[in-house]
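Biologist: Before we discuss any classification, please show me the sequence and the structure. I shall then ask what each term rests on.

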Amino acid sequence: GLPCRALKSKKQVKKVNKELNPLEQLVPHLPREYVKDTVNFFTKGNPRFRSLLRVIFSPNNPADTEGDREQYEKRKALFQLESSAYVLKFRLQEDRARQRMWSAVHNLPSDLYDEAVSSEPEPVPEELLFNCMYKEQFFTELDDSEKRVLQAYYNLMHIRYPHSHIKARDPDKFWIKASKVVSRYKEMAQGKKKPKKK
């Protein structure tokens, strides 16, 4: 009989597990459930939004004079000059403290050095933070108009970053795979193209 031909060898296709790909690109992501306060605040007709705008922006009929504005500009320039000097002073102190810390670490014995380098830094206790230690003192020294402005600032920060405490506690929630972002955009585009049912 005729000799049999050799069968063609099938190419083996390697399966790639995309879920276990550690090199996949991650992009910043803000979950929708963490922006509800921001969206609700800027809804049309919200009285809190109008009140906040009245505090932030200048009044329609300002009562201050040209002399008042000149005095404000002088005090503002003096404040910026003094604050920049304090910032420079504190940065120099931080640099010296950082250098002393690393000098102390390098002078440790070999067994303690490895432990110190590999250990995670502990956060500063909340009661020792500057804004927590002196908050009551600063607040009592303000008059009513200054307290309103400070409260407006707090409201703005909460509206802008309502999720800041969650992000500090669990930052992984605010990253998503780039492929998932593309697929979500496609789903949204397809949803808009669907004909409306009559």
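Biologist: What is the average pLDDT of the chain, and how many of the residues score at least 70?

Modeller: The model is predicted, and its chain averages a pLDDT of 78, with 80% of the residues scoring at least 70. Among the elements, helix 3 has the highest mean pLDDT, 92, and helix 9 (residues 178-193) the lowest, 65.

Biologist: Over which residues does pLDDT stay under 50?

Modeller: That applies to residues 1-6, for which the model has zero contacts beyond four places in sequence.

Biologist: Why are helix 2 and helix 7 called oblique to each other?

Modeller: Helix 2 (residues 47-56) and helix 7 (residues 144-160) pack at an angle of about 125°, and their axes are 10 Å apart. Angles of 65 to 115 degrees count as roughly perpendicular and those over 145 as roughly antiparallel; the angle of about 125° fits neither class, and the two helices are therefore oblique. Their crossing is left-handed.

Biologist: What makes the contact between these two helices?

Modeller: Helix 2 contributes L52, V55 and I56, while helix 7 contributes R148, V149, A152, N155, L156 and I159. By class, the contact has seven nonpolar residues, one polar and one charged.

Biologist: Why is L108 called partly exposed?

Modeller: The relative accessible area of L108 is 34%. Buried requires under 20% and exposed over 50%, so L108, lying in between, is partly exposed. L108 is located in the loop between helix 3 (66-106) and helix 4 (110-118). Leaving aside residues up to four places away in sequence, L108 touches Y113 and A116.

Conventions
Residues are numbered from 1 along each chain as its sequence is written. This is a predicted model: local features need pLDDT of at least 70, side-chain atom pairs count only at pLDDT 80 or more; totals for chains, interfaces and linings use all residues. Side-chain values use heavy atoms; hydrogens and water are left out. Axes are lines fitted to C-alpha atoms, for helices over the stretch in contact, and angles run from 0 to 180 degrees between N-to-C directions. Helices (H or I, at least four residues) and strands (E, at least two) are DSSP runs, numbered from the N terminus. Angles under 35 degrees count as roughly parallel, over 145 as roughly antiparallel, 65 to 115 as roughly perpendicular and the rest as oblique. A crossing is left-handed if the near helix is turned anticlockwise from the far one by less than a right angle, and right-handed if clockwise. Contact means heavy atoms within 4.5 Å. Ala, Val, Leu, Ile, Met, Phe, Trp, Tyr, Cys and Pro count as nonpolar, Asp, Glu, Lys and Arg as charged, and the others, Gly among them, as polar. Buried means under 20% relative accessible area, exposed over 50%, partly exposed in between (1.4 Å probe, protein chains only). pLDDT is the predictor's confidence in each residue, from 0 to 100.
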